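Biologist: I've got a model open and I'd like to learn how to read it. Could you walk me through it, one feature at a time?

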Amino acid sequence: MSTSIDMQRPVPRLALSRAEVAIAIGVCGNTVDQMVEEGFLPQPRRFHRRKVWLVADIAAAMQAWPEDETGRKAPVTEGDGGGHVDEWRATP
């Protein structure tokens, strides 16, 4: 039995760097930072000085995002007056 890694078999990615998260969800690195600050994405995990996001944590966070309701009228909220919701905030 060989102890070397079989390079023919793909190794699943368990964690992503900030740049990889940005590429994976189609935004820039600064937007990743903002999304973490606003609660849309989880805080990264830390190993020494390296920060990574678990792929499972990113997927779970994205499942909590609201679905796109294009074509549907947004609900009227107090003080809004026009029945439009410009953005939403995640509740941590």
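**Reading a helix and its cover**

Modeller: Let's start in the middle: the cover over the buried residues of H2 includes H1 and strand E3 (50-54). Keep in mind that this is a predicted model.

Biologist: Which residues of H2 are buried?

Modeller: Gly29, Val32, Met35 and Val36.

Biologist: How do I read a spacing like that on a helix?

Modeller: The general idea is that an α-helix has 3.6 residues a turn, so residues three or four places apart point the same way. Here, looking down the axis of H2, the buried residues fall within an arc of 115°, so they line one face of the helix.

Biologist: And which exposed residues does the face turned away from the buried side carry?

Modeller: On H2 that face has Asn30 and Glu37, both exposed. Just after H2 comes Gly39, with a positive phi near 90°.

Biologist: Now the core. What should I expect in general?

Modeller: In soluble globular proteins, nonpolar side chains tend to be buried together. In this model the largest nonpolar core has eleven residues: Leu16, Val21, Ala22, Ile25, Val32, Met35, Val36, Phe40, Leu41, Trp53 and Ile58. The elements giving two or more residues to this core are helix H1 (18-25) and helix H2 (29-38).

Biologist: Let me pick one member, Ala22. Why does Ala22 count as buried?

Modeller: The cut-off for buried is under 20% relative accessible area. Ala22 counts as buried because its relative accessibility is 4%. This residue lies in helix H1.

Biologist: What is Ala22 in contact with, leaving aside neighbours within four places in sequence?

Modeller: With Val27, Cys28, Gly29 and Val32. Two of those names, Gly29 and Val32, you've already met among the buried residues of H2. For a distance, try Ala22 and Asp33: they are eleven residues apart in sequence, and their C-alpha atoms are 9.5 Å apart in space.

Biologist: Let's zoom out. In what order do the elements run from the N terminus?

Modeller: The order is β-α-α-β-β-α, which comes to three helices and three strands.

Biologist: How much of the chain is buried?

Modeller: Buried residues are 18% of the 92 in the chain. The accessible surface is about 7900 Å², and carbon and sulfur atoms account for 54% of that.

Biologist: What share of the contacts between residues at least 6 apart in sequence joins residues at least 24 apart?

Modeller: In this chain, 38% of them do.

Technical notes
Residues numbered from 1 in each chain as written. Predicted model: local features only at pLDDT ≥ 70, side-chain atom pairs only at ≥ 80, totals over all residues. Heavy atoms only, no water. Core = buried A, V, L, I, M, F, W, Y, C linked by side-chain atoms within 4.5 Å. Buried < 20%, exposed > 50% of the residue type's maximum accessible area, 1.4 Å probe, protein only. Helix = DSSP H or I, 4+ residues; strand = E, 2+ residues; numbered from the N terminus. Arc of directions from axis to C-beta. Contact = heavy atoms within 4.5 Å. Areas by Shrake-Rupley, 256 points an atom, 1.4 Å probe, with all protein chains shown as cover.
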